[in-house]
Each structure stands twice: as structure tokens, then as C-alpha cells.
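Here is a short note to read with the structure open beside you. Take the points in order and find each element as it comes up.

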Amino acid sequence: MGTPLHLLNEKGIAKFKEYLQELREGSTREPPYELLTDPWYSSKMPGGIEVEKIIFQSKKEAAKYFFEKLHFFPHSQIDRNVGLWSWFSLYYFEQVCPKNNIGRRIPGHNSRYILDLDYRRYYRHLLIGPYYVYRLHGWPVSILLYGPLHKTSKYYEELLSRQEFITNKGVIEAANKLYFDNAGGKQKRGSSTIKGPGALLRFIDVIKQLDLTYDLYSMTGEEIVALLPPEFDEWRKDV
Amino acid sequence: MIRRFNYTGRKKIPRSQISIALYETEGNKLAFDASIDFKGLILSQDGNIYIEAYRRAYLQRFKCGTVKDPKFPKNYVLEGLGPDSLVRFRIKIVDKKGRLLAVGDRISPRRLEEESGNKLCLLHADFLDLGQLIWRLDLDGDWPILQLNHKLENIREIARSEPSFLTLVYPEIVRQILYRIIVTEDHTDPETDGEDDWMSAWLKFALLLIGGGKQLPPSGESEPILQEKLKWIDDVVDAFCSSNQILDKFAKSLKIRES
């Protein structure tokens, strides 16, 4: 039995923000789940969609779930819907802000839970980011979407914050081929350092250079990997 | 001065040779027509033409034939964008190996609803939820955007024609933009980068406003140069207010309100 999809209204969002602030100040109060269906703080999203309190094993799984639940709606009703994504954050609060080993929840910046429409902070939202990656690329890009919802990797932050990268299927596929270990289900050993020869920051610089010469949008990840200079050989060897 | 190298001979498609018209369809969607005049551009006839519509993380790409046999878009819908969305365009001519032969980027389309010829728009508007703010400037993208709070009814009309808004807000916009260009970015050469560069376009606009052969302040960060820059910005804002009769318009709007 699911819960009908709702939108938090301004009062609901304000209450949610207050709760986040309380947590930062040391409160151990449980999440105000009552806001999720209280008509004073939220309203039902038209369309009769229900969602379930699934425990997502990874951002990948969550992204696919959100995509399947929301694909009937026009993008214009989803992409800038602060009430919807804030409601989702509260609904899945256990996963976007779990308790630490001493039983406390320490939230990050509000934009991780409450959708911030400023494009510099848009993808920091822990749920819309994975959903958007899945929708743009049509597959759960492993290098961006491995790991639990509340943890974001450097790959996630560096690539999602660059619009010209995140929209480019070939570039994202190339990053995935270079830095993701399919067998291990996580980034390749040694790739957690993003500086240095052939590492992520160099990948970003080199792609920016190649973008001046090639139409990278028309290339596959494999073709882009082949264009990279020898400093990427270490990462390229088992592609 | 920023210098850019072009080792591959990639050509630039002048903005004046690209025509893109954007309009709202009957179903409240956004659609566009486009055409490119290849006159004067020596390009491989086999080059594929791509038109990309983009806005932040939104990108839609259209294959439009070849240079020899172009198939320019007519009534192409930009799926996923609302009718008020701000969108820019990029034109690419690409050879068989994926190399760029020519590019035209940061193309602002003409809105058919507000047809104003082929003028370059210096400031775009975007409508979004700004909480309790009425407006703010976004100068971190590839063109200045005046963000307006869509929660305010008729904000589009207010920003376009309400005298109190025009007189109180626009001089401040001019000031903030010039401050970013001249002080923060230390960009004082309007000939750099040509028509694709918003900072140069704004400097040219400022020079036109201030007139009288006045020069731009020099580049640099020393205290005397900073003072010279701030004085120059004040002069431009004064010139903007004079040419738009800002005080008179504001006084008139107050009188109308009182009566």
C-alpha cells in the first residue's frame, strides 16, 4: 500500500526547513512525517500516483524508481517543482539524512533536501540529481549513481555541476568507461584522487579542449576515450 | 586581454547570418524556425548541420541536413520547455570524422511575439520563484539574465513597462553589470571576442551611452585604477539615467499615483 504523491506547500517547506535547522542545533526529534499528508502543509499531486517507502540500495535504484513514477508527467511539471522534490526528501528522509553511529542526523546544506532552482545548486538535491541523470541518459550511469542516496562522490559533484558535461551522453559514457569498475561496482581503485595525470580534473580539462575541435555530442563514449592523450592510458587499458 | 587560439581552422558563423525565430504554439509549447545563410563561408558541402537548443542542463539537438542540402527547421517543438523559457541556440557544421568545421554559438532567438528586428539583446529575462525577492541578476551564465519572481502577478509586464520598476531597477542593473565586467573581471577591452561575448557587447553599449569620445578606464587592480573604474561606472549610469529621463519618469509616475 503506497502513499499518494503530494506536494509540500510553502508552509510545509518552511516547517521542513525549521526541522533541518533544529537538527543542526542538536535536536534528535524524529522527522515531521505528519507534514506529508496534512492538508495544511501539503496537497495531493494530480495524477493519482502512489509511492512506496522502498529502501533503495543505491542512487541508481532510486533514479530508476523516480523515473518510472514520474514519466507520465510533462517535464515542465517536474523539473522546477520545489514542493514535489521537497516532499520526496521528507518522505525518504531516513535515506537522504540517516542517523550516524551515535544516533544523530546531521543534515547538509538545505539544497540537498529542498530543491533550489538556482542552477548552481539545482543538482545538489539528493533525489532530483539522480532522477535527472537517468532521464537524460536513459540508463543509470554507474560512475554517477553508485552508492547510497545520502553520499555523493567527487565524480557526481564535478560532472553534474557542469551543464555541458551532464547533457553530453558520449562524455558521461567515456567517464564511466574510464573510472568505473563494473566488477567491483564502484569507482576504480586509485581513481578517488581526482587530480593528477589522467584523473577526473584532467579529463574535464581535456574534454573542454576537445570540445573546441570535435562535435562531442555526436560521438560515443568509446570514440571519445580513443581521442584522449596517452596520460589516460592507465585508465583506458581495461576499457 | 583574453586570447583564443584556433589551430584547426574552425570557422565562425556570424550571428547576422543565422536567423532563429521562437514562438509559442497553440498547445502552449515552444517552437522555432531557423535558417542559416552560408554566404561567404567556404565549407565542405558534405558537412552535416546540427542545431542545438540549450538552456542550463536542457539540450535538444536537431540534424538539419548538409551544407549542400540543408533541411532547416520549421515549427520544431522544444519538448520539455514552457512557453516562457529562455533558450539559446548553437549551430555546428561537422565533417564525417566529427570535427567541427564551423560554429555559431550563444545565439539568442527572436521572439515573434516581440519582434524587434535583428538587434542583440543585452539582457535576458527569466521567471522563477525567488522567495521574497522581486528580482536579481544572474551574471554567472553565458549571458546576463534578469531573474524575476514569477509569484508576482504580471511581473513580465511590470518589468517591461511599469515606470517605478524601470526607473528604480534598471539603473542598478546597469551598475551591477558594469561592476562585474570592469571591476570583478577587469575586462576593459570591448574588441575582445566580438559578438559572442556579452561583456564586450555591454562595454560597447556603455561607450555609446557615455559618448563624447570618452575612453574606458585602464585595466588593473591598483587603488587609483579602481577609483577610475568606479567613476567611469557612475558616469555611465548617469548617462543611462539622462538618456532615459529616469527622474522625470519616476516623478510622473508618482504624480499619476497621487491623482
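**Notes on the two chains**

1. Start at an edge of a sheet in chain B. Strand β1(B) runs parallel to strand β8 (residues 100–107) of chain B, and two bridges join the pair. One of the residues to find is B:K11, whose bridge partner in β8(B) is B:A102. Keep in mind that this is a predicted model.

2. Now widen the view to the whole sheet. Five strands of chain B form an open sheet in the order β1-β8-β7-β4-β5, and the pairing is mixed. Which strands stand at the edges? They are β1 (11–12) and β5 of chain B. Each has a single partner strand, so one side of each has no neighbour in the sheet. As a rule, strands of a sheet pair through backbone hydrogen bonds, either parallel or antiparallel.

3. Next comes a hairpin. Strand β2 (residues 18–24) of chain B pairs with β3(B) in the antiparallel sense, over seven bridges. Five residues lie between the two strands of this hairpin. In the turn, B:N28 has a positive phi of about 60 degrees. Across the pair, B:E24 stands opposite B:L30 of β3(B).

4. Stay with β3(B), for it has another partner. Strand β6 (residues 76–77) of chain B is joined to β3(B) by two bridges, and the two run antiparallel. Here B:A31 of β3(B) faces B:V77 in β6(B). Is β3(B) mostly enclosed or open? Strand β3 (residues 30–36) of chain B has five buried residues out of seven, so the rest of the structure largely encloses it.

5. Compare that strand with a loop residue. B:L133 sits in the loop between β10 (124–128) and β11 (135–138) of chain B. Buried or exposed? B:L133 is exposed, because 10 other C-beta atoms lie within 10 Å and the limit for an exposed residue is 12 or fewer. B:L133 and B:Q147 are 14 residues apart along the chain, and their C-alpha atoms are separated by 9.8 Å.

6. Chain B has a domain assignment. Domain 1 covers 11–114 and domain 2 covers 124–258. Their C-alpha centres lie 29 Å apart. Where the domains of chain B touch, five residues of domain 1 are in contact with eight residues of domain 2. On the domain 1 side, four residues are charged, one is nonpolar and none is polar.

7. Turn to chain A, which has 13 helices and six strands. Its C-alpha atoms fill a box of roughly 60 × 40 × 30 Å along the principal axes. Why call the chain compact? A compact globule of 239 residues would have a radius of gyration near 18 Å, and chain A has 19 Å, which agrees. Of its 239 residues, 38% count as buried. Take the contacts in chain A between residues at least 6 apart in sequence: 70% of them join residues at least 24 apart.

8. Chain A also splits into two domains, with domain 1 at 1–139 and domain 2 at 153–239. The C-alpha centres of these two domains lie 29 Å apart. Four residues from domain 1 of chain A and six from domain 2 of chain A make the contact. The domain 1 side has two nonpolar residues, two polar and no charged.

9. Look for helix α10 (residues 169–179) of chain A. Nine of its 11 residues are buried, so the helix is largely enclosed by the rest of the structure. Among the buried ones are A:G170, A:E173, A:N176 and A:Y179.

10. Then find the nonpolar cores. The largest has 89 residues, and the members that touch the most others are A:L127, A:L144, A:L159 and A:A175. Beyond its neighbours within four places in sequence, A:L127 is in contact with A:A62, A:F66, A:W85, A:F88, A:S89 and A:V96. Another core lies apart from the largest one; it has 14 residues, including B:I177, B:L178, B:L203 and B:V237. In soluble globular proteins, nonpolar side chains tend to be buried together.

11. Finish where the chains meet. There, 16 residues of chain B are in contact with 16 residues of chain A. On the chain B side, β5 (58–66) and β7 (88–94) each supply at least two residues. That side divides into six nonpolar, four polar and six charged residues.

Terms used
Residues are numbered from 1 along each chain as its sequence is written. Chains are lettered from A and ligands numbered from 1 in the order in which they are written. This is a predicted model: local features need pLDDT of at least 70, side-chain atom pairs count only at pLDDT 80 or more; totals for chains, interfaces and linings use all residues. A nonpolar core is a set of buried Ala, Val, Leu, Ile, Met, Phe, Trp, Tyr and Cys residues joined through C-beta atoms within 7 Å. A residue is buried if 20 or more other C-beta atoms lie within 10 Å of its own, exposed if 12 or fewer, and partly exposed in between; C-beta atoms are placed from the backbone. Two residues are in contact if their C-beta atoms, placed from the backbone, lie within 7 Å. Helices (H or I, at least four residues) and strands (E, at least two) are DSSP runs, numbered from the N terminus. The radius of gyration is taken over C-alpha atoms; the globule rule is 2.2 Å times the number of residues to the power 0.38. Ala, Val, Leu, Ile, Met, Phe, Trp, Tyr, Cys and Pro count as nonpolar, Asp, Glu, Lys and Arg as charged, and the others, Gly among them, as polar. Domain bounds come from an automatic or database domain assignment. Two strands pair if DSSP finds at least two bridges between them.
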